[in-house]
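Student: I have the sequence and the structure open, and I would like to reason through a few of the features with you, one question at a time.

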Amino acid sequence: MFRSTTASAQALFPWSQALLLILVYAALGHLGIHYAAFPGTFFAQVWLASGVGLIMFCLLGRVAIPVVWCASLLINTPYALQHLPDNGVAGTAALIFFSPLFDTLQSFLAWRLWRLDREPRFSRIGLQRFLVAIIVAVSVSIAGIALLHLAVGLIHIDELLTRFTMMALSDMQGLFLLVPLWLALRRDATAIISYPLFFSALAIPIPLLLARIEPSLAALLFPLVAFIIIRLRFVGAALAVAVAGGSAALLVILGLDPLNFGAGIEAFSRWSLIVLALGTPMLLMGIVLDDNLDYQSHLEARVDERTQALQDALAAANILVITDSLTQLFNRRHMESLVQDELERAQRYQQSTALILLDLDHFKAVNDNYGHPMGDKVLRQVSDILSKNLRQSDLLGRWGGEEFLILLPQINLTAAANVAEKLRQAICTANFGVTEPLSISLGVAELLPNEVAGDWIKRADQALYTAKHLGRNQVAMAKE
């Protein structure tokens with residue numbers, strides 16, 4: 001029982017994924033504090049952990065509440081304990097408990113307001129929801145943290161607004177740089193690392209470095225970013241925003257501010273606003289390009305669908321034009337065309353070819369005695385019998401009424417007469433569901449040199465007339 005419960009708990013809670021996210025959260029937090037803390041504080045200038053916190057909730061749902069709290073606790077506890085002599089036991093305990101609580105609240109609020117599950121990709125409306133979600137979540141949580149710092153004596157009342165702005169911009173950048181990049185990786189990771197676009201993204205810091213020599217050279221960043229976004233759309237926009245924002249923050253941290261905005265908090269704040277102000281239209285541009293591509297693909301699919309439907313309709317119409325509705329054989333008009341084509345082919349290559357014209361004997365009696373529905377059934381059955389006893393290359397059509405015409409390519413008069421006899425016997429031995437036996441008369445004509453189609457068919461018709469005149473139910477060959 002215990003083993004079963006444990007296995008069930010492991011299945012419900014993704015321990016390995018949660019542990020990996022905690023490690024990433026803690027690592028990014030410690031790196032930010034260690035290398036990019038504001039002077040005299042343990043608060044990072046770019047708090048990437050806030051982006052990981054929102055990603056945790058997107059992946060784990062409400063299960064992420066204790067996970068984010070534990071991850072934030074791992075970061076805040078060591079640095080809070082370092083300042084124990086300055087903050088006192090009560091202040092340190094409050095920082096250790098409430099700082100992770102506000103970090104968790106921020107990620108939870110952003111997750112609930114954004115609702116990525118409704119639309120698992122960025123759209124124009126999705127981007128609006130994302131911006132509103134992170135602004136509200138950061139404002140609420142950072143207001144709580146700033147008031148906490150005021151309560152424990154870390155700041156004075158006149159520093160409250162500065163501390164709030166500083167930490168809010170830090171968390172906003174972490175959310176803005178990481179979350180779109182995570183969505184892009186989840187959507188198409190291979191596109192991000194594809195050559196040469198990945199190396200184009202790595203070139204983004206170059207215009208920022210050149211701006212230290214000449215500030216106007218920073219403008220070179222825009223065509224480079226535009227190239228990446230045009231090629232990769234939203235994936236490229238997310239990559240460009242992450243690399244450009246991260247590069248700007250890193251240069252400020254290293255004291256290499258590209259545009260010499262000042263030092264410390266002043267430079268960081270200005271660059272944070274630039275990243276947020278320019279990053280938003282960059283992401284929007286990627287989203288618009290994605291939407292246009294989706295719309296174009298949709299239109300192409302609709303055009304292909306309509307084209308296929310039109311082709312199917314034309315094919316069906318063509319079949320109706322050349323097909324006899326009762327027997328589903330070729331109709332007389334199409335058979336005339338086929339006879340002309342075969343005549344031209346046979347005369348061009350000097351090959352033998354023949355045709356058979358046949359007629360059901362005393363078919364009127366079937367209609368008179370059994371009705372036209374029975375007569376139609378007999379015609380369809382005759383069509384099936386004829387088709388089954390012909391070669392695949394032979395062409396069969398309904399010539400009119402109870403008459404059928406058969407085109408026999410590459411065959412001479414004698415062989416064609418043998419085929420006609422085979423058909424006659426097949427009809428005579430078939431059961432049509434009528435009392436009187438049914439039979440057919442057939443006229444066979446081989447194509448003569450330089451003969452026209454009308455004369456060829458006329459000789460077959462004369463042979464058919466001869467067969468009927470001689471008593472029906474027999475084959476007659478046309479004279480040359």
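Student: Which residue is the bridge partner of Ile-356 in β4?

Tutor: In this predicted model, β1 and strand β4 (residues 440–446) run antiparallel and are joined by 7 bridges. Within that pairing, the residue of β4 that partners Ile-356 is Val-444.

Student: And which residue in β3 does Asp-359 stand opposite?

Tutor: β1 also pairs with strand β3 (residues 403–409), in the antiparallel sense and over 7 bridges. In β3, the residue opposite Asp-359 is Glu-403.

Student: How many of the residues of β1 are buried?

Tutor: On one side of β1, Thr-353, Leu-355, Leu-357 and Asp-359 are buried, and on the other side so are Ala-354, Ile-356, Leu-358 and Leu-360, which leaves both faces covered. The strand is therefore largely enclosed by the rest of the structure, the count of buried residues being 8 of the 8.

Student: What arc do the buried residues of α14 cover around the axis?

Tutor: In helix α14 (residues 363–370), the buried residues are Phe-363, Val-366 and Asn-367. They lie on the same side of α14, because the arc they cover around the axis is only 95°. The buried residues pack against β1 (353–360) and α15 (372–388), whereas Lys-364 and Asp-368, on the other side of α14, are exposed. The arc asked for is thus 95°.

Student: How many disulfides does the structure hold?

Tutor: A disulfide needs two cysteine sulfur atoms within 2.5 Å. The sulfur of Cys-58 is 19 Å from the closest cysteine sulfur, in Cys-70, and is therefore too far away for a bond. The number of disulfides in the structure is 0.

Methods
Residues are numbered from 1 along each chain as its sequence is written. This is a predicted model: local features need pLDDT of at least 70, side-chain atom pairs count only at pLDDT 80 or more; totals for chains, interfaces and linings use all residues. Side-chain values use heavy atoms; hydrogens and water are left out. Buried means under 20% relative accessible area, exposed over 50%, partly exposed in between (1.4 Å probe, protein chains only). Helices (H or I, at least four residues) and strands (E, at least two) are DSSP runs, numbered from the N terminus. The arc is that of the directions from the helix axis to the C-beta atoms. Contact means heavy atoms within 4.5 Å. Two strands pair if DSSP finds at least two bridges between them.
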